[in-house]
Amino acid sequence: MTAAAILEFDAHPAALTGLGSLPVALHDVVVHHLRRLVTCQQRGPVLGRRGLWALTGCRKVYLDADRCWRLAYQERPPTPASGSGGGIYLVAAGPRSGHQVYNTAARRLQLLGAASPAA
């Protein structure tokens with residue numbers, strides 16, 4: 001029996017494309033971790049400064065034992081119109097090497113912030 005989702009799931013459109021670029025051996029692992037995130041059975045370590053970027057408010061999930069592949073995501077609070085407890089927003093999926101996944105996440109978050117009326 002699987003636990004029901006408690007949090008909503010959303011993703012940056014390019015993050016979904018990034019999931020498809022991960023090694024095939026990691027696809028089932030990604031599904032496992034995303035399921036655990038939305039059912040509140042897992043939380044990744046908090047990200048702060050990574051390379052040139054401040055990723056405060058983001059978390060990471062290690063996808064392999066060597067910690068070479070990662071997900072970067074945000075935990076978002078519930079909105080008044082939402083009946084959920086908030087949401088998981090996938091920002092990026094990719095290699096840690098050269099801070100690639102963090103650079104990608106930071107660029108996407110900057111673009112989202114620039115498009116926001118509050119920015």
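This report describes the fold, one helix, the salt bridges and several single residues of a predicted model.

**Overall layout**

The chain has 119 residues, and 41% of them count as buried. Its secondary structure consists of 3 helices and 6 strands. Read from the N terminus, the order of these elements is β-α-α-β-β-β-β-β-α. Contacts between residues at least 6 apart in sequence can also be sorted by how far apart the partners lie along the chain. Of these contacts, 53% join residues at least 24 apart.

**Two sides of helix 1**

Helix 1 covers residues 13-21, and its buried residues include A15, G18 and L19. These residues lie on the same side of helix 1, because they span an arc of only 105° around the axis. The other side of helix 1 carries the exposed residues P13, T17, G20 and S21. Helix 1 therefore has buried residues gathered on one side, with exposed residues on the other.

**Salt bridges around E75**

How many salt bridges does the model have? The count comes to 2. One of them joins the side chains of E75 and R43, with a distance of 2.7 Å from N to O. This pair connects distant parts of the chain: E75 belongs to strand 5, while R43 sits in the loop between helix 2 (27-38) and strand 2 (49-50), and the two are 32 residues apart.

In another salt bridge, the side chain of E75 meets that of R59 at 3.4 Å, N to O. Here too the partners come from distant parts of the chain, with E75 in strand 5 and R59 in strand 4 (residues 58-62), 16 residues apart. R43, R59 and E75 are thus linked in a network of salt bridges.

Are R43 and R59 buried or exposed? R43 counts as exposed because its relative accessibility is 55%, and the cut-off for exposed is over 50%. R59 has a relative accessible area of 15%, so it is buried; the limit for buried is under 20%. E75 has a relative accessible area of 31% and is therefore partly exposed.

**R70, a buried arginine**

R70 lies in strand 5, which spans residues 69-76. This residue is buried, yet it has no salt bridge. Which side chain of opposite charge is nearest to R70? It is that of D64, at 6.4 Å. A salt bridge requires the atoms to be within 4 Å. The side chain of R70 does reach a backbone atom, namely the oxygen of R67, at 3.0 Å.

When neighbours within four places in sequence are left aside, R70 is in contact with K60, V61, Y62, L63, A92, A93, G94, R96, V101 and Y102. One of these contacts, Y102, appears again in the next section.

**R49 and Y102**

R49 is placed in strand 2. Its relative accessible area is 56%, so R49 is exposed. R49 and Y102 are 53 residues apart along the chain, and their C-alpha atoms are separated by 9.3 Å.

**Cysteines and positive phi angles**

The structure holds 0 disulfides. C40 is partly exposed because its relative accessibility is 46%. C68 is also partly exposed, with a relative accessibility of 37%.

C40 has a further feature: its phi is positive, about 60°, although C40 is not a glycine. This residue is found in the loop between helix 2 and strand 2. H99 is another residue other than glycine with a positive phi, near 60°. Where is H99 found? It lies in the loop between strand 6 (87-95) and helix 3 (100-115). With a relative accessibility of 23%, H99 counts as partly exposed.

**Accessibility of selected residues**

The table gathers values for residues discussed above.

| Residue | Relative accessibility | Class |
|---|---|---|
| R59 | 15% | buried |
| H99 | 23% | partly exposed |
| E75 | 31% | partly exposed |
| C68 | 37% | partly exposed |
| C40 | 46% | partly exposed |
| R43 | 55% | exposed |
| R49 | 56% | exposed |

Notes:
Residues numbered from 1 in each chain as written. Predicted model: local features only at pLDDT ≥ 70, side-chain atom pairs only at ≥ 80, totals over all residues. Heavy atoms only, no water. Helix = DSSP H or I, 4+ residues; strand = E, 2+ residues; numbered from the N terminus. Buried < 20%, exposed > 50% of the residue type's maximum accessible area, 1.4 Å probe, protein only. Lys, Arg positive; Asp, Glu negative; His and termini not counted. Polar contact = N/O pair within 3.5 Å; in protein donor to acceptor, adjacent residues only side chain to side chain. Contact = heavy atoms within 4.5 Å. Arc of directions from axis to C-beta. Disulfide = S-S within 2.5 Å.
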